[in-house]
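Work through these exercises with the model open beside you. Try each task before reading its solution.

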Amino acid sequence: MQYKEPPTRRYSKGQKIFVEGDESREAFILRSGSVEVSIGTGSDRKVLDVITANQMFGEMGLIGNTARTATVKCLEETVVTVVDRKLIEAKVDEMDPYIRYLMQSLIDRLARTSKKAAKMRPWELLPR
C-alpha cells in the first residue's frame, strides 16, 4: 500500500470544525492557528481547552465510535490535516488488544469527566 499525503483544510476565525453531537468521521492534526474546545451551549457553555499547533483533536469519537463530545471552534485562521476514520481504524486494529483496551478505557474516562465538568460551577473546577 502506497503512502498518500492526507488532505488539509483551512478554516476562518470563528468557524466551527465540528459541533457536540455530530457524527465522528475524522480526526484532525492542527498545523497552524488555534481552536477552542467547549461543551454545552448558551449560559451552560464551558471551555475545556485551547489546542495549538501539532496537536490532534477529534480522535475520541473515532476511537470510541461515538458522537462528538465537544464543539471545536477556530480562534484564528486555522489549517488542519484531516485524518480519515478508515486510517485510524486500521491503526487501532493493528494494536495489541491490551493496549487497545487501555486506550478505550482512557477515552471513556475522559468523556465521563468532561460530562461531569459541564455540570460543575466554574469555581468547582479550580484546583484545591
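**Exercise 1. Find the two faces of helix α2.**

Start with the outside. Exposed Lys86, Asp93 and Glu94 sit on the face of α2 turned away from its buried side. Exposed means over 50% relative accessible area, buried under 20%, and partly exposed in between (1.4 Å probe, protein chains only). This is a predicted model, in which local features need pLDDT of at least 70, side-chain atom pairs count only at pLDDT 80 or more, and totals for chains, interfaces and linings use all residues. Residues are numbered from 1 along each chain as its sequence is written, and side-chain values use heavy atoms, with hydrogens and water left out.

Now the inside. Helix α2 spans residues 85-94, and its buried residues are Arg85, Ile88 and Val92. Seen down the helix axis, these fall within an arc of 65°, so they line one face of α2. The arc is taken from the directions from the helix axis to the C-beta atoms. An α-helix has 3.6 residues a turn, so residues three or four places apart point the same way.

Finish at the helix start. There, a side-chain oxygen of Asp84 comes within 2.7 Å of the backbone nitrogen of Lys86.

**Exercise 2. Place α2 in the overall fold, then trace the sheet.**

Count the elements. The protein has 3 helices and 8 strands. Both are DSSP runs, numbered from the N terminus: helices are H or I of at least four residues, strands E of at least two. The order from the N terminus is β-β-β-β-β-β-α-β-β-α-α.

Next, the sheet. Four strands form an open, antiparallel sheet in the order β1-β8-β3-β6. Its edge strands are β1 (8-11) and β6 (56-57), each pairing on one side only. Strands pair if DSSP finds at least two bridges between them. β1 and β8 (residues 78-84) run antiparallel and are joined by 4 bridges. Across this pair, Tyr11 stands opposite Thr78.

**Exercise 3. Which residues have the most contacts inside the largest nonpolar core?**

Define the core. It is a set of buried Ala, Val, Leu, Ile, Met, Phe, Trp, Tyr and Cys residues joined through side-chain atoms within 4.5 Å.

Name the residues. The largest core has 15 residues, and Ile17, Phe28, Val35, Phe57, Val72 and Val80 have the most contacts inside it.

Assign the strands. β2 (16-18), β3 (26-32), β4 (34-39), β7 (71-74) and β8 each supply at least two core residues. β4 gives the most, with 3.

Look for another core. A second, separate one of 9 residues includes Met60, Leu62, Val83 and Val92. Val92 is also among the buried residues of α2.

Conventions: A polar contact is a pair of N or O atoms within 3.5 Å; within protein, one must be able to donate a hydrogen and the other to accept it, and residues adjacent in sequence count only if both atoms are side-chain atoms.
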